[in-house]
Amino acid sequence: MTSAQIGAYSTGVGLRLAHLAEVVADRPPVPWFEIHPENFLGNPHASELLDEVAEHYPISMHTVGVSVGSASGIDRAHLKRVVALVDRVKPFLVSGHLAWSTHEDAYLNDLLPLPYDDESLHLLSTHISEVQDALGRQFLIENPSSYVAFTHSTMSEVEFLGELVARTGCGLLCDVSNIYLSAHNVAFDPQRYIEALPANAIGELHLGGFTAEADEADAGGTVLIDTHAAAVCEPAWTLYTHAVRSFGSIPTLIEWDNEIPALPVLIAEARRADAIKTAFLAQEERCDAVG
Ligand SMILES: [Fe+2]
């Protein structure tokens with residue numbers, strides 16, 4: 001199933017293990033689910049239930065462990081397992097992070113940043129092409145949540161992502177909440193960031209919650225942590241409206257990974273995103289009618 005077939009209005013929900021049995025038993029009104037393959041690889045019972053979910057819902061697959069930013073090479077054993085799951089579940093999108101989480105044999109349970117320079121660009125382009133070759137399809141790269149900026153970066157994050165798209169043909173997963181919190185943490189204009197992204201490459205949008213903590217480096221300041229442990233905040237919804245105006249009606253996902261609420265709470269968040277897309281499309285139609 002392609003993104004277009006999923007429907008222009010639909011917003012999916014991240015499927016976490018806490019809701020897996022409920023989804024299989026009750027088949028709630030969710031247009032599609034996004035899964036992390038890492039939650040199912042090595043968990044035979046969950047993997048069996050996933051097959052049932054995939055029979056009834058389109059699936060987007062979002063890997064957090066392939067580590068395309070690793071200087072020592074991607075985790076090929078993990079990639080092989082992900083490819084096998086992709087072949088079985090047949091997701092309509094496959095995505096991962098602009099980050100690294102492994103070095104040689106060490107697995108670091110985090111999504112770590114890298115500087116935006118020619119060396120990183122070459123490394124990432126090579127690894128993304130390798131992932132796309134293994135998958136036999138396009139891979140979407142998600143913009144990270146940032147807490148620091150490298151002084152030796154030679155290009156902005158948006159320029160870097162645009163270059164990756166141009167060099168590899170990869171798509172982009174635009175996490176609107178990541179843009180909001182990164183803009184707060186490292187001080188840039190989030191609307192201009194969205195406007196500078198290559199709109200044709202955007203295949204999916206993410207929305208999630210964060211946690212504000214006191215910034216130890218800035219008395220009285222706050223740092224926003226990408227915890228996915230809360231509802232989407234109002235300024236992120238405003239930024240999402242701007243993203244919909246910039247990119248059109250793109251499949252959107254509500255991410256909530258910690259302190260996970262009942263499924264209806266996630267569905268209500270998804271419906272709010274749908275309402276924003278519906279309003280945008282209605283306005284477009286009115287403009288077309290006038291024009
Ligand atoms: Fe995300």
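Start on the outside. Select Arg 76, Ala 77, Lys 80, Ala 84, Asp 87 and Arg 88: these exposed residues sit on the face of α4 that is turned away from its buried side. Keep in mind as you click around that this is a predicted model.

**Stop 1: helix α4**

Now show the whole of α4, residues 76-89. The helix has 14 residues and reaches 20 Å from its first C-alpha to its last, close to the 20 Å expected at 1.5 Å a residue. Which residues of α4 are buried? Color Leu 79, Val 82 and Leu 85. They cover an arc of only 125 degrees around the axis, so they end up on the same side of α4. To see part of what covers them, add α5, residues 118-135.

**Stop 2: two positive phi values**

Step off the end of α4 and you land on Lys 90. Its phi is near 55 degrees, a positive value in a residue other than glycine. Most residues other than glycine have a negative phi. Lys 90 belongs to the loop between α4 and β4, the strand at 93-97. Is Lys 90 buried or exposed? Lys 90 has 12 other C-beta atoms within 10 Å, and counts as exposed because the limit for that is 12 or fewer.

Next, jump to Ala 187, where phi is again positive, about 65 degrees, although the residue is not a glycine. Look for Ala 187 in the loop between α7 (176-186) and α8 (190-196). Ala 187 is exposed too, with 8 other C-beta atoms within 10 Å.

**Stop 3: the barrel**

Hide the helices and look at the strands. Eight of them form a closed barrel with parallel pairing, in the order β1-β2-β3-β4-β7-β8-β9-β12. On average, neighbouring strands of this sheet are turned by 30 degrees against each other, direction ignored.

Begin with β1 and select Gly 12, which is in this strand. Gly 12 counts as buried, with 24 C-beta neighbours inside 10 Å. Leaving aside neighbours within four places in sequence, the contacts of Gly 12 include Val 30, Trp 32, Phe 33, Ser 60, Leu 253 and Ala 270. For a long-range pair, draw a distance from the C-alpha of Gly 12 to that of His 206: they are 194 residues apart along the chain, yet the separation is 9.6 Å.

Move on to β2 (residues 33-35), which pairs with β3 in the parallel sense over three bridges. Phe 33 stands opposite Ile 59 in β3. Show the side chains of β3, residues 59-62: Ile 59 and Met 61 point one way, Ser 60 and His 62 the other way, and all are buried. In a regular strand the side chains alternate between the two faces of the sheet.

**Stop 4: strand β9 and its partners**

Select β9, residues 202-208. Seven of its seven residues are buried, so β9 is largely enclosed by the rest of the structure. One partner is β8 (residues 171-175), which runs parallel to β9 and is joined to it by four bridges. Within that pairing, Leu 172 is the bridge partner of Ile 202, and Leu 173 is that of Glu 204. Another partner is β12 (residues 252-255), also parallel to β9 and also joined over four bridges. There, look for Gly 208 with its bridge partner Glu 255.

**Stop 5: the nonpolar core**

Stay with Leu 172. Which members of the largest nonpolar core touch the most other members? Leu 172 is one, along with Ile 141 and Val 176, in a core of 61 residues. Helix α9 (residues 234-247) supplies the largest share of this core, five residues. In soluble globular proteins, nonpolar side chains tend to be buried together. Display what is in contact with Leu 172 beyond four places in sequence: Leu 140, Ile 141, Leu 161, Val 165, Leu 197, Ala 201, Ile 202 and Gly 203.

**Last stop: helix α10**

Finish with α10, residues 263-290. With 28 residues, α10 reaches 41 Å from its first C-alpha to its last, close to the 40 Å expected at 1.5 Å a residue. Select its buried residues: Leu 266, Glu 269, Ala 270, Ala 273 and Lys 277. The elements covering them include β1, β9, α9 and β12. Ala 270 ties back to an earlier stop, being in contact with Gly 12.

Technical notes. Residues are numbered from 1 along each chain as its sequence is written. This is a predicted model: local features need pLDDT of at least 70, side-chain atom pairs count only at pLDDT 80 or more; totals for chains, interfaces and linings use all residues. A nonpolar core is a set of buried Ala, Val, Leu, Ile, Met, Phe, Trp, Tyr and Cys residues joined through C-beta atoms within 7 Å. A residue is buried if 20 or more other C-beta atoms lie within 10 Å of its own, exposed if 12 or fewer, and partly exposed in between; C-beta atoms are placed from the backbone. Two residues are in contact if their C-beta atoms, placed from the backbone, lie within 7 Å. Two strands pair if DSSP finds at least two bridges between them. Axes are lines fitted to C-alpha atoms, for helices over the stretch in contact, and angles run from 0 to 180 degrees between N-to-C directions. The expected span of a helix is 1.5 Å times one less than its number of residues. The arc is that of the directions from the helix axis to the C-beta atoms.
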